[in-house]
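User: I am in my first year and would like a close look at one part of this model, the place where aromatic rings meet. Could you take me through it slowly, and then show me a few other spots for context?

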Amino acid sequence: MNENKKRLRRTMMFLNAQKPGLIKDAYIYKPDSIIFDLEDAVAENQKDAARYSLFHALTTIDYRGCEKVVRINGLDTPYWREDVRCAVASGCDAIRVPKTESPQQIKLVEEEIVKAEKVYHIPAGKVLIMAAVESARGVMKALDVCEASERMFGVALSGGDYTRDLQTHITGTGVELMGARQQLIIAARAAKVQCFDTVFTDLDNMDGFRQEVETIRLMGFDGKSIVNPRQIGIVHDIFTPTKKDIIFSEKVVREIDEKKKQGIGVFTVDGKMIDIAFYDGAKRVLDMAKASGIY
């Protein structure tokens with residue numbers, strides 16, 4: 001299994017692949033992942049130019065640990081196959097498939113990735129896949145999509161397109177996204193892949209952004225798609241375990257390991273009743289703390 005499937009992805013920052021000024025030094029903001037967009041951000045007559053810019057950037061710039069994800073054009077366009085070839089040849093880490101509504105779409109993209117890895121002598125299995133769900137049908141098919149390939153590392157909600165499909169709009173309350181968010185989280189956890197929330201585009205409402213990030217963290221999301229470097233610090237702050245969380249998780253892991261040897265199944269830690277079911281959650285907190293560089 002590709003070990004990068006489980007890497008830390010609190011922030012996935014969108015950048016227009018066509019604009020060298022944006023993508024040449026995006027690593028300085030330290031997002032966990034950068035999404036180089038060949039789809040919506042690029043005009044129809046600029047697709048070739050965007051690919052050229054992408055290839056030059058990924059083959060010449062050291063992104064210093066930031067994951068490099070390429071959002072290809074939709075499978076209903078004539079562009080996506082060349083997008084995949086360019087992304088793989090450039091040395092990307094993953095490809096984001098837009099408007100996903102079926103596992104067959106993921107399998108089609110995977111076939112092109114396999115071909116490109118062979119042609120460009122990329123190690124087999126290096127390039128991962130994530131799916132963007134942007135419609136009611138996509139939400140209903142989320143589990144099948146998440147289980148479509150061993151390369152799948154996660155699924156993301158695209159709230160703008162999804163709400164249009166629902167014949168509503170983004171309200172800022174989260175009500176219109178509640179069902180999709182819950183459905184995607186359940187599907188992702190059932191398939192053992194990661195789950196990412198939609199972008200928050202009102203850059204003048206950072207308090208609202210913080211509140212939304214806190215909500216999706218409580219819901220179980222692994223991270224959030226973002227559109228501006230100003231959003232990175234808030235997301236990382238909320239998704240990074242606190243010192244209190246780390247100390248408690250250390251105690252839980254230590255106590256469960258010790259009590260298992262003694263044949264004890266239920267006990268208390270800091271006044272809270274604990275059993276083996278808490279073990280994985282405590283380990284996850286410590287793993288996230290390590291990945292965040294604070295443990």
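Analyst: What follows is a walk through the aromatic rings, then through one helix and one residue near the start of the chain. Please keep in mind throughout that this is a predicted model.

We can begin with the rings. A pair of aromatic rings is described by the distance of the centres and the angle of the planes. The count of aromatic pairs in this model comes to four. In one of them, the ring centres of Y27 and Y63 are 6.1 Å apart and the planes meet at 85°, and because an angle over 60 degrees counts as edge-to-face, this pair is given that name. Y27 sits in the loop between α1 (20–23) and β2 (33–37), while Y63 sits in the loop between α2 (47–60) and β3 (67–71), so that the pair, 36 residues apart, links distant parts of the chain. Both Y27 and Y63 are buried.

Y63 also takes part in a pair with F36, which is again edge-to-face, with 5.4 Å from centre to centre and 80° between the planes. This pair too links distant parts of the chain, since F36 belongs to strand β2 and Y63 to the loop between α2 and β3, 27 residues apart. Both F36 and Y63 are buried, and through these ring pairs Y27, F36 and Y63 are linked into a cluster.

Rings in this model also meet charged side chains. R9 lies over the face of F153, at 3.7 Å from the ring centre, and the charged end of K47 sits over the ring of Y79, 5.7 Å from the centre of that ring.

For context, we can turn to helix α11, which covers residues 243–262. With 20 residues at 1.5 Å a residue, α11 should span 28 Å, and the C-alpha atoms at its ends are 29 Å apart, which agrees. The buried residues of α11 are I246, S249, V252, V253, I256 and K259, and they pack against β9 (266–269), β10 (272–275) and α12 (279–291). After α11 comes G263, whose phi is positive, near 75°.

Finally, N2 lies in the segment before β1 (11–16). N2 counts as buried because its relative accessibility is 18%, and the cut-off for buried is under 20%. The side chain of N2 reaches the backbone oxygen of G125 at 3.1 Å, and a polar atom of that side chain lies 3.0 Å from the backbone oxygen of K126. Leaving aside neighbours within four places in sequence, N2 is in contact with G125, K126 and L128.

Methods:
Residues numbered from 1 in each chain as written. Predicted model: local features only at pLDDT ≥ 70, side-chain atom pairs only at ≥ 80, totals over all residues. Heavy atoms only, no water. Helix = DSSP H or I, 4+ residues; strand = E, 2+ residues; numbered from the N terminus. Buried < 20%, exposed > 50% of the residue type's maximum accessible area, 1.4 Å probe, protein only. Polar contact = N/O pair within 3.5 Å; in protein donor to acceptor, adjacent residues only side chain to side chain. Contact = heavy atoms within 4.5 Å. Expected span 1.5 Å × (residues − 1). Phe/Tyr/Trp six-rings, centres within 6.5 Å; stacked < 30°, edge-to-face > 60°. Lys NZ or Arg CZ within 6 Å of the ring centre and 35° of its normal.
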